[in-house]
Amino acid sequence: MSRTPGFSTRAIHVGSEPDPATGSVIPPIYQTSTYAQDGVGGLRTGLGVGYEYSRSGNPTRTAFESAFAAVETAGEEPTRALSFASGLAAEDAVVRTLTRPGDHVVLPGDAYGGTYRLFARVAEPWGVAFDTAPSSDVDAVRAAVQPGRTRFVWVETPTNPLLGITDIAAVAAVAHEAGALLVVDNTFATPYLQNPLELGADVVVHSTTKYVGGHSDVVGGALVVRAAGAAGAVTDPHTSEPLADRLAWHQNAMGAVSGPFDAWLTLRGLKTLAVRMERHSASAAQVAQFLVDHPAVSDVLYPGLPGHPGHDVAARQMRLPGGMVSFRLRRGRDAALKTCASTGVFTLAESLGGIESLIEHPGAMTHASVAGSPLEVPDDLVRLSVGLEDVDDLLADLDAALAAASA
Ligand SMILES: *Cc1c(COP(=O)(O)O)cnc(C)c1O
């Protein structure tokens, strides 16, 4: 009797069959730009497909893309994953594949700062208009969509850094009613906690720099869509070709691919994603509860808390609430800055999703570029990426930093 392999079995084995030439259990880093041909056009197919040039295809990148497609699922339907040099390179491929001058998109009210910058400072000057709407408010999204002109609605859930939750299925319905696609940035949740394609999304975007790579040692991005020909697969609105094929074509035509070593590190991270996310989530839940109970803290933003406005939706569409926790300081901006400067185990740094715990002040760091825009974040906000250290050390570190900030 055959059974469908579970998440970790797929992450570890799909695309990682032992190397046919040597038996190497882990896919080699094919650090090469080009491939010998046996006569003109005679590509060697020892790995199943032929390779001619590493921008167009590289076996190490293929290994990661196969594994990632196997975990970012769309029910029974096959998916296609494409690996990029960064999350923003992946986002740029979505923008330039799906939009033309005169088109319109809807962005969330609190998008990742770099996403907002891409639309406001790069896409808009090229003629792609956008509006923002809080995507946790389905009616606001419906009001922002322009049927016939809006190419896609962009959603992040949970959001960065406010941990807002969007009902993916509800927003997918609103986008589709208006003839638009739904793009979900699934960086915070990862494919282990949430699979947006199963909830009606058309494109999933990842910064694999974060939890997927998971060790703060590589920058990367990925797109996942239903494979060409799969039930529910969509076409590119401008060419009517399967979206998976158009995105793959753009990946090569624009060239922002991940290199072999980066793809290899990202694949290595992916293999342990499930166990890491379990621990990140368990420790984050403890950190969130500790902060709720702390007198210096006025508000804790964590979807696992029963009082969080997105708690019920998160419980429905996510396996666990994840490893990110944000909180606000009763004594304002100075206390927030001082807390960030006073930790010892939490490192003061941008980024998230690695094995080590990080702390940052979004208003002055990751989200400084959205100051003065509708996406500005409160200045008493602190964001934590809860890592894999012993949770008692994390709680003691926060306790000491909050005491220092209150002194
Ligand atoms: C980091 C991040 C990105 C951008 O990814 P890079 O790999 O830094 O280019 C996009 N979305 C979210 C939610 C992120 O956290």
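How many bridges join β9 to strand β12, and in which sense do the two run? There are 5 bridges, and β9 and β12 (residues 381-385) run antiparallel. If you want a spot to click on, take Ser326, whose bridge partner in β12 is Arg383. Keep in mind as you look around that this is a predicted model.

Strand β9 (residues 324-329) has another partner too: β8 (residues 297-301) pairs with β9 in the antiparallel sense, over 4 bridges. Here Val300 stands opposite Phe327 of β9. As for its surroundings, 5 of the 6 residues of β9 are buried, so this strand is largely enclosed by the rest of the structure. Buried, in this case, means under 20% relative accessible area.

Now move over to the open sheet of 7 strands. Reading across, the order is β1-β7-β6-β5-β4-β2-β3, and the pairing is mixed. Which strands stand at the edges? Those are β1 (79-84) and β3 (129-133); each has a single partner strand, so one side of each is left without a neighbour in the sheet. From one strand to the next, the twist averages 20°.

At the β1 edge, the partner is β7 (residues 221-226), paired in the antiparallel sense over 6 bridges. Ala81 is a handy marker, with Val224 as its bridge partner in β7. Helix α8 (residues 243-254) lies across β1, β5 (181-185), β6 (203-207) and β7, and it runs at about 15° to β1.

Next, the packing. In soluble globular proteins, nonpolar side chains tend to be buried together. The largest nonpolar core in this model has 36 residues, and Phe64, Phe68, Tyr192, Leu270 and Leu273 are the ones with the most contacts inside it. At least two core residues come from each of α1 (7-13), α2 (59-71), α7 (190-193), β7, α9 (260-271), α10 (273-292) and α11 (311-317). Helix α2 gives the largest share, 6 residues.

Where does this core sit relative to the two domains? Domain 1 (7-271) and domain 2 (275-406) both give residues to the core, so it lies between them. Leu273 is a good place to zoom in: leaving aside residues up to four places away in sequence, Leu273 touches Phe7, Thr190, Pro191, Tyr192, Tyr211 and Val212. There is also a second, separate core of 32 residues, with Val94, Phe119, Val128 and Leu223 among them.

How values were computed
Residues numbered from 1 in each chain as written. Predicted model: local features only at pLDDT ≥ 70, side-chain atom pairs only at ≥ 80, totals over all residues. Heavy atoms only, no water. Pairing = 2+ DSSP bridges. Axes fitted to C-alpha atoms, helices over the stretch in contact; angles between N-to-C directions. Contact = heavy atoms within 4.5 Å. Buried < 20%, exposed > 50% of the residue type's maximum accessible area, 1.4 Å probe, protein only. Core = buried A, V, L, I, M, F, W, Y, C linked by side-chain atoms within 4.5 Å. Domains from an automatic or database assignment.
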